[in-house]
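Dear colleague,

I am passing on the structure we spoke about, and my notes on it follow below. Please read them with the coordinates open beside you.

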Amino acid sequence: MQIKTEEGIVDGVLSDSLSFEDIAPFWGKEVSITGTAHFKPRGHSVIEIERVFEAGEGDVYLSKKPKSETVEKQLERQIREKDGNQLAQIMGKWPGDETDEEFEQMLKDLE
């Protein structure tokens, strides 16, 4: 099933303890759900719905769609944000002839 949120559509599946008859009274209403998010490759996630109930004021805090990032996507983003991979600048060049002080300065320069 698909769940419409303010941030977009979230895919969901009912747990074994719920049936479509159990959740039918909630169709078209603002609800809160509890469940387990299963993160898939390429940032896709599916929520296994374990409980559905009418939304209350306290539910607003947790009403955001969970964001997920694969490790590969996270690394790509971090490299873009840092304007390149600074570790690559020293990789394969150490150990060299530098003193401990020179090496410590190289590390400070990377920050």
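**A serine in a loop, and the sheet around it**

I begin with S15, which lies in the loop between β2 and α1, the helix of residues 20-23. Please keep in mind throughout that this is a predicted model.

Is S15 buried or exposed? Its relative accessibility is 7%, and because the cut-off for a buried residue is under 20%, S15 counts as buried. Its side chain is joined to that of S17 by a polar contact of 2.9 Å. When neighbours within four places in sequence are left aside, S15 is in contact with E48, I49 and E50, and these residue numbers fall within β4, which spans 45-54.

Taking I49 in turn, and again leaving aside its neighbours within four places in sequence, one finds contacts with M1, I3, G12, V13, L14, S15, L18, I33 and T34. I49 also belongs to the largest nonpolar core, a set of eight residues made up of I3, V10, L14, L18, I23, I47, I49 and V52. Both β2 and β4 supply at least two residues of this core, and the largest share, three residues, comes from β4.

As for the wider arrangement, the chain has three helices and four strands, and from the N terminus on its elements run β-β-α-β-β-α-α. The four strands form an open sheet with mixed pairing, in the order β1-β2-β4-β3. Because β1 (2-5) and β3 (31-39) stand at the edges with a single partner strand each, one side of each is left without a neighbour in the sheet. From one strand to the next, the twist averages 45 degrees.

Within this sheet, β1 pairs with β2 (residues 8-14) in the antiparallel sense, over four bridges. The bridge partner of I3 in β2 is V10, and both I3 and V10 are listed among the residues of the largest nonpolar core.

Finally, some totals for the chain as a whole, which may be useful when you set up your own calculations. Of the 111 residues in the chain, 14% are buried, and the accessible surface comes to about 9,300 Å², with 51% of that belonging to carbon and sulfur atoms. Among contacts between residues at least 6 apart in sequence, 47% join residues that are at least 24 apart.

With best regards

Terms used: Residues are numbered from 1 along each chain as its sequence is written. This is a predicted model: local features need pLDDT of at least 70, side-chain atom pairs count only at pLDDT 80 or more; totals for chains, interfaces and linings use all residues. Side-chain values use heavy atoms; hydrogens and water are left out. Two strands pair if DSSP finds at least two bridges between them. Axes are lines fitted to C-alpha atoms, for helices over the stretch in contact, and angles run from 0 to 180 degrees between N-to-C directions. A nonpolar core is a set of buried Ala, Val, Leu, Ile, Met, Phe, Trp, Tyr and Cys residues joined through side-chain atoms within 4.5 Å. Buried means under 20% relative accessible area, exposed over 50%, partly exposed in between (1.4 Å probe, protein chains only). Contact means heavy atoms within 4.5 Å. Accessible areas come from the Shrake-Rupley method with a 1.4 Å probe; for residues, only the protein chains shown count as cover. A polar contact is a pair of N or O atoms within 3.5 Å; within protein, one must be able to donate a hydrogen and the other to accept it, and residues adjacent in sequence count only if both atoms are side-chain atoms.
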